[in-house]
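Grab your viewer and work through these exercises on pockets, a ligand and some backbone oddities. Try each task before you read its solution.

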Amino acid sequence: MSQHLTIVDHPLVQHKLTIMRATDTPTAVFRQLLREISQLLAYEVTRELEMTTKRIETPMAEMDAPTLAGKKLALISILRAGNGLLDGVLELIPSARVGFVGLYRDEETLQPVQYYFKVPESLDDRLVIAVDPMLATGNSSAAAIDLLKGAGATNIRFLCLLAAPEGIARMKEAHPDVPIVTAAVDERLNEVGYIVPGLGDAGDRMFGTK
Ligand code: URA
């Protein structure tokens with residue numbers, strides 16, 4: 001992708017996001033909308049995938065038909081909220097390989113702490129799409145990308161639902177080579193690193209843990 005930040009301002013994405021933001025939207029609706037929106041975002045983050053052609057036969061004629069080139073791409077869910085995005089993206093790209101990075105945010109320092117890391121082989125040969133709904137401080141996202149680069153990934157994109165300007169700046173500084181695709185950029189972070197106006201804690205809202 002050529003630009004560092006892509007905001008998917010499609011009306012369906014924006015409409016669904018507004019419902020997700022509202023406090024009184026129930027967990028089941030939130031989860032369903034996240035699934036739908038992640039497919040629309042996946043469509044955008046894969047827009048410039050490399051293509052090749054293959055010879056096929058239709059009932060009418062032979063043709064050189066377009067098909068995706070290269071190795072299967074890798075989707076990396078940044079736990080736990082990344083799983084909400086992952087499900088929808090996988091529906092659109094069912095043959096993708098899947099990995100998980102477990103990071104939690106130390107609530108005092110706001111710094112990421114790693115507790116799990118399992119990713120597909122040959123990351124260096126694949127397009128790697130890291131998914132996490134909320135790009136807030138950017139600390140855990142930048143740390144996750146560090147780990148993916150450490151595992152060999154060279155072609156990485158970051159897919160989120162909402163981003164704060166602070167998180168975008170942090171990612172741009174740490175990983176200028178990693179394009180970000182998001183549905184919206186909100187105003188700011190609050191004093192505990194939550195996105196404002198945001199949608200609250202994405203994990204809690206999708207899993208009903210609060
Ligand atoms: N993580 C969330 O779930 N929400 C925020 O606003 C920031 C980080």
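**Exercise 1. Find R80, and say which peptide bond leading into it deserves a look.**

Start with the location: R80 sits in the loop between β4 and α3 (82–92). Helices here are DSSP runs of H or I with at least four residues, strands are E runs of at least two, and both are numbered from the N terminus. Next, check omega: the L79 to R80 peptide bond is cis, with omega near -5 degrees.

Before going on, some ground rules. You're looking at a predicted model, where local features need pLDDT of at least 70, side-chain atom pairs count only at pLDDT 80 or more, and totals for chains, interfaces and linings use all residues. Numbering runs from 1 along each chain as its sequence is written, and side-chain values use heavy atoms, with hydrogens and water left out.

**Exercise 2. Track down another cis bond and a positive phi.**

For the bond, go to V196 and P197: the peptide bond between them is cis, with omega near 0 degrees. P197 belongs to the loop between β14 (195–196) and α6. For the phi, go to S122, which has a value near 55 degrees, positive in a residue other than glycine. S122 lies in the loop between β6 (112–118) and β7 (127–131). Why flag these? Because most residues other than glycine have a negative phi, and most peptide bonds are trans.

**Exercise 3. Describe the largest pocket.**

First, the term: on a 1 Å grid over the protein atoms alone, a pocket is an open set of points where a 1.4 Å probe fits, with protein on both sides within 12 Å along at least five of seven lines; lining residues have an atom within 4 Å of a point. Second, the volume, meaning the space filled by probe spheres set on the points: about 570 Å³. Of its 25 lining residues, A81, R105, D132, S140 and D201 are closest to the centre. Third, the elements: β4 (74–79), β5 (97–105), β8 (134–135), α4 (139–150) and α6 (202–207) each give at least two lining residues. Finally, the lining splits into 12 nonpolar, 8 polar and 5 charged residues.

**Exercise 4. Place the ligand and list its polar contacts.**

The ligand takes up the largest pocket, by the rule that more than half of its atoms lie within 2 Å of the grid points. Around the ligand (a heavy atom within 4 Å) you'll find M134, A136, G193, Y194, I195, G200, D201 and A202. Now the polar contacts, pairs of N or O atoms within 3.5 Å:

- I195: a polar backbone atom is 2.7 Å from a ligand oxygen.
- G200: a polar backbone atom is 2.8 Å from a ligand nitrogen.
- A202: a backbone N or O atom is 2.7 Å from a ligand oxygen.

To finish, the protein covers 88% of the 240 Å² of accessible area that the ligand has on its own (Shrake-Rupley, 1.4 Å probe).

How values were computed: Ala, Val, Leu, Ile, Met, Phe, Trp, Tyr, Cys and Pro count as nonpolar, Asp, Glu, Lys and Arg as charged, and the others, Gly among them, as polar. A polar contact is a pair of N or O atoms within 3.5 Å; within protein, one must be able to donate a hydrogen and the other to accept it, and residues adjacent in sequence count only if both atoms are side-chain atoms.
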